[in-house]
Amino acid sequence: RGHDSIAAFSMGEDGGLRLCQTIPTGGRTPRDFAFMGEYMAVANQGSDEITVLRMDPETGKLERTGISAPMSRPASAPCRRSSILRAGVLSRCGLRPGSLHGDRGAAQGENAREA
């Protein structure tokens with residue numbers, strides 16, 4: 001805690017972890033995150049917002065998108081629970097619900113959850 005970032009690791013052949021990257025989330029006090037295809041929604045409790053990072057499918061590295069949405073003191077990534085927010089985040093990324101591999105989309109209703 002303290003530097004408002006996400007750390008990415010890779011697993012070596014010996015099963016050990018290796019730090020690959022540390023990237024700022026774009027908000028304060030990140031509490032949770034959830035993947036939506038190649039995008040990661042981060043709940044930043046201290047700055048009252050959800051920010052979106054993108055994972056490069058070729059390198060696996062995370063990059064900032066500049067996309068954010070206000071939310072009062074998020075303690076968990078709401079896209080796990082809320083298909084409405086999920087659709088909004090995808091829309092701001094220029095995507096539509098159901099366009100990501102494994103994405104159930106907004107048609108599943110408000111209680112849709114990630115597999």
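Here are some short exercises with worked solutions on the structure above, which is a predicted model.

**Exercise 1. Get an overview of the chain: how many helices and strands are there, and in which order do the elements run?**

Step 1. Start by counting: the chain has 1 helix and 6 strands.

Step 2. Now walk along the chain from the N terminus, and you meet the pattern β-β-β-β-β-β-α.

Step 3. Add the surface to your picture. The accessible surface of the chain is about 6,900 Å², and 49% of that belongs to carbon and sulfur atoms. Of the 115 residues in the chain, 37% are buried.

Step 4. Finish with the contacts. Taking those between residues at least 6 apart in sequence, 38% join residues at least 24 apart.

**Exercise 2. Find the residues of the largest nonpolar core, then list what Leu 62 touches.**

Step 1. The largest nonpolar core holds 6 residues: Ile 6, Ile 23, Met 40, Val 42, Leu 53 and Leu 62.

Step 2. Pick out Leu 62 and set aside residues up to four places away in sequence. Its contacts are then Ile 6, Gln 21, Ile 23, Met 40, Leu 53, Arg 54 and Met 55.

Step 3. Compare the two lists. Ile 6, Ile 23, Met 40 and Leu 53 appear among the core residues and also among the contacts of Leu 62.

**Exercise 3. Decide whether Gln 45 and Leu 17 are buried or exposed.**

Step 1. Locate Gln 45 in the loop between strand S4 (39-44) and strand S5 (49-55).

Step 2. Check its accessibility. Gln 45 has a relative accessibility of 15%, and because buried means under 20%, Gln 45 counts as buried.

Step 3. See what surrounds this residue. Leaving aside neighbours within four places in sequence, Gln 45 is in contact with Arg 28, Thr 29, Arg 31, Arg 73, Pro 74 and Ala 75.

Step 4. Turn to Leu 17, which lies in strand S2. Its relative accessibility is 63%, and because exposed means over 50%, Leu 17 counts as exposed.

Step 5. Place Leu 17 among its partners. Together with Phe 9, Met 11 and Leu 19, Leu 17 forms a nonpolar patch on the surface, with about 480 Å² of accessible area in total. The elements that give two or more residues to this patch are strand S1 (5-11) and strand S2 (17-24).

**Exercise 4. Work out which residues the salt bridges join into one network.**

Step 1. Count the salt bridges: the whole structure has 2.

Step 2. Take the pair Glu 38 and Arg 54, whose side chains meet at 2.7 Å, N to O. This pair links distant parts of the chain, 16 residues apart: Glu 38 is in the loop between strand S3 (30-36) and S4, while Arg 54 is in strand S5.

Step 3. Take the pair Glu 63 and Arg 54, with side chains meeting at 3.1 Å, N to O. Shared partners join Glu 38, Arg 54 and Glu 63 into one network.

Step 4. Ask how open the two Glu residues are. Glu 38 has 25% relative accessibility and counts as partly exposed. Glu 63, at 34%, also counts as partly exposed.

Step 5. Look around Glu 63, which sits in strand S6 (residues 62-70). Not counting residues up to four places away in sequence, Glu 63 touches Ile 23, Leu 53 and Arg 54. The C-alpha atoms of Glu 63 and Tyr 39 are 9.5 Å apart, although 24 residues separate the two along the chain.

Technical notes: Residues numbered from 1 in each chain as written. Predicted model: local features only at pLDDT ≥ 70, side-chain atom pairs only at ≥ 80, totals over all residues. Heavy atoms only, no water. Patch = residues over 30% accessible without salt bridge, like charges linked within 9 Å, V, L, I, M, F, W, Y side chains within 5 Å. Areas by Shrake-Rupley, 256 points an atom, 1.4 Å probe, with all protein chains shown as cover. Salt bridge = Lys/Arg side-chain N within 4 Å of Asp/Glu carboxyl O. Helix = DSSP H or I, 4+ residues; strand = E, 2+ residues; numbered from the N terminus. Buried < 20%, exposed > 50% of the residue type's maximum accessible area, 1.4 Å probe, protein only. Core = buried A, V, L, I, M, F, W, Y, C linked by side-chain atoms within 4.5 Å. Contact = heavy atoms within 4.5 Å.
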